[in-house]
Amino acid sequence: MTRASFTASSAADIRRLAAEALDALGANDALGGSGAVARSPINGLEYDRVSSAHVASSVDHALTIASEVFVSWRDVPAPRRGEVIRLLGEELRRHKDHLATLAQIEARKIRSEALGEVQEM
């Protein structure tokens, strides 16, 4: 994307794609038209149920925030953006054990593989 290419129409496209993804996943059917079942990609066990309304409002909220932040973030000099990314990496490393535990639960990874996943982030 160019500096000013994220527009309201881009946001509308993302919303449309999110709605299509929910439909493709059977979200409207899985809960009688009210949401989706979140399942493990490993064994298909149900983790949770998510309402379509919640997903839609979450997508709208995320798009609103991202659009607002993009306007100021694009003007931040590259060295400063790099510094922010470095700081995010430090936070990930600080919470590496806990994040690896989540990766183990979510995808049934062995500990060393889960730690590697977090390190790659």
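**Exercise 1. The crossing of helix 5 and helix 6**

Determine which handedness the crossing of helix 5 and helix 6 has in this predicted model, and classify their packing angle.

*Solution.* The crossing of these two helices is right-handed. Helix 6 comprises residues 111–120, and its axis lies 8 Å from that of helix 5, at an angle of about 120°. Angles of 65 to 115 degrees count as roughly perpendicular and those over 145 as roughly antiparallel; helix 5 is therefore oblique to helix 6.

**Exercise 2. The contact residues**

State which residues of helix 5 meet helix 6, and give the composition of the contact by class.

*Solution.* From helix 5, the residues in contact are K96, D97, L99, A100, T101, A103 and Q104. Their partners in helix 6 are R111, A114, L115, V118 and Q119. By class, the contact has 6 nonpolar, 3 polar and 3 charged residues.

**Exercise 3. The span of helix 5**

Compare the expected span of helix 5 with the distance between its end C-alpha atoms.

*Solution.* Helix 5 has 12 residues, 96–107. At 1.5 Å a residue, the helix should span 16 Å. The end C-alpha atoms are 16 Å apart, so the two values agree. After the helix comes R108, with a positive phi near 50°.

**Exercise 4. Confidence**

Identify where confidence is lowest and where it is highest.

*Solution.* The protein averages a pLDDT of 75, and 64% of the residues score at least 70. Helix 6 has the highest confidence, at a mean of 92, whereas helix 2 (residues 27–30) has the lowest, at 46. Over residues 27–32 pLDDT stays under 50, and the model has 18 contacts beyond four places in sequence for them. Residues 1–6 also stay under 50, with 12 such contacts. Where pLDDT is low, predicted coordinates should not be read in detail.

Note on methods: Residues numbered from 1 in each chain as written. Predicted model: local features only at pLDDT ≥ 70, side-chain atom pairs only at ≥ 80, totals over all residues. Heavy atoms only, no water. Helix = DSSP H or I, 4+ residues; strand = E, 2+ residues; numbered from the N terminus. Expected span 1.5 Å × (residues − 1). Axes fitted to C-alpha atoms, helices over the stretch in contact; angles between N-to-C directions. Parallel < 35°, antiparallel > 145°, perpendicular 65-115°, else oblique. Left-handed = near helix turned anticlockwise from the far one by under 90°. Contact = heavy atoms within 4.5 Å. Nonpolar A, V, L, I, M, F, W, Y, C, P; charged D, E, K, R; others polar. pLDDT = per-residue confidence, 0-100.
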